[in-house]
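Here's a quick briefing to read alongside the model. Have the sequence and the 3D view open as you go.

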Amino acid sequence: MIDLHTHSTFSDGSDTPEAIALAGDALGLAALALTDHDTVEGLDAFLDAQARVKTRLVPGVELSCVFLGRPLHLLGLFIRPDDPAFRALLEDLRLRRERRNEQMAKRLSELGVPFDSEEARRFAAGRIVSRVHFARALVGRGTVSSPEEAFRRYIGDHAPAHVPFEDLGPAQAASWIQEAGGVAVVAHPGRFSGRSFRWDQAILDLKEQGIRALETYYGDYGPGEQAYFLELAGRTGMLPAGGSDYHGTYKPGLSLGTGRGSLRIPDSVLPALEAAAG
Ligand code: AMP
Ligand code: MN
Ligand code: MN
Ligand code: MN
């Protein structure tokens, strides 16, 4: 069993990279990737833990893109964490995120919730401040009673204080990932769109843009989604990939390795992805 999609305190998870590595080892995972949103800063601590664990630790990242006018997430697996060009591109993304956060704070203030984005930063362990940290800050100061309420009323995708910041195209992101030695994977295609969507054409377009795999196994798939995306991958010549999307206590009920309980990602997924990297 393997898990190629997890988040640490360096983006929007509750566990440190080291704790995730140790937990993966305790579970007996053959391989485990850390894929924080738009940052590789947690990878040093994660890979340092390799000396203490049998589980193979794989460096990764999750990039937020826009495809067909909607958010699409791409994972980059086997990237070189210290690649200077890749780091510079991520730093530019982080600055865009910072500007977006300022605009979101301004919208909140206009909605009668005076807010400074520094309040959200206090909840972030790393340098990436995301909406998860906004939600926790809004709970902390009593504006809402739960993070779910914060997303529903203020900062969810369709809520009034949300400001999108992603304008990275999949082709651009895939080329960054390849240049950094990685393989680009469509994350949770089931969240982008359901089965009624014309996936075959979309996947062929993404393949054309340099993406080599899709998350056929995923922590949060409903019944039938895994079989559907495995079949789609087979039909379109994409490699299967998979992970839990573990966020620690920030996404309750989603466990490392096993997702909602029934996830089992076969070890055989890994060598094909590694061969496609770079
Ligand atoms: P950001 O990258 O700052 O736009 O924040 C995106 C993160 O917010 C996602 O990775 C999720 O962890 C979280 N998120 C987005 N929408 C929701 C929601 N409706 N409920 C809970 N968490 C959410
Ligand atoms: Mn997340
Ligand atoms: Mn994602
Ligand atoms: Mn994720």
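How many nonpolar, polar and charged residues are in the lining of the second largest pocket? The count comes to 4 nonpolar, 7 polar and 2 charged residues. Keep in mind that this is a predicted model. Below, we go from the pockets to a metal site and then to the strands around β4.

**The second largest pocket**
- Its volume is about 150 Å³.
- The lining comprises 13 residues, and Y218, Y221, Q226, S262 and L263 sit nearest the centre.

**The largest pocket**
- This one has a volume of about 1,200 Å³.
- Its lining runs to 43 residues, with H73, R131, F151, D157 and R191 closest to the centre.
- Sorted by class, that lining has 16 nonpolar, 12 polar and 15 charged residues.
- Several elements chip in at least two lining residues each: strands β3 and β4 (70–77), plus helices α3 (84–110), α5 (131–140), α6 (147–155) and α8 (189–192).

**The manganese site (ligand 4)**
- Four residues hand protein donors to the manganese ion (ligand 4): H5 and H7 through NE2, E62 through OE and D245 through OD, at 2.1 to 2.2 Å.
- Along the chain, the donors of this ion fit the spacing H-x1-H-x54-E-x182-D.
- E62 belongs to strand β3 (residues 56–67), while D245 is in the loop between β7 (239–243) and α11 (269–276), so the pair ties together parts 183 residues apart in sequence.
- Are E62 and D245 buried or exposed? Both are buried.
- There's a second metal to look at here: the manganese ion (ligand 2) is 4.6 Å from the manganese ion (ligand 4).

**β3, β4 and β5**
- β3 and β4 make a hairpin with 2 residues between the strands, and L68 in that turn has a positive phi of about 55 degrees.
- The two strands of the hairpin, β3 and β4, pair antiparallel over 8 bridges.
- The metal donor E62 has L75 of β4 as its bridge partner.
- L75 also stands opposite V185 in β5.
- β4 and β5 (residues 183–186) run antiparallel and are joined by 4 bridges.
- Why call β4 largely enclosed by the rest of the structure? Because 6 of its 8 residues are buried.

Technical notes. Residues are numbered from 1 along each chain as its sequence is written. Chains are lettered from A and ligands numbered from 1 in the order in which they are written. This is a predicted model: local features need pLDDT of at least 70, side-chain atom pairs count only at pLDDT 80 or more; totals for chains, interfaces and linings use all residues. Side-chain values use heavy atoms; hydrogens and water are left out. Donors are N, O and S atoms within 2.8 Å of the metal (3.2 Å for Na, K and Ca); water is not among the atoms, so sites may look incomplete. Buried means under 20% relative accessible area, exposed over 50%, partly exposed in between (1.4 Å probe, protein chains only). On a 1 Å grid over the protein atoms alone, a cavity is a set of points where a 1.4 Å probe fits but cannot get out, and a pocket is an open set with protein on both sides within 12 Å along at least five of seven lines; lining residues have an atom within 4 Å of a point. Grid points are joined across faces, edges and corners, and a volume is the space filled by probe spheres set on the points. Ala, Val, Leu, Ile, Met, Phe, Trp, Tyr, Cys and Pro count as nonpolar, Asp, Glu, Lys and Arg as charged, and the others, Gly among them, as polar. Two strands pair if DSSP finds at least two bridges between them.
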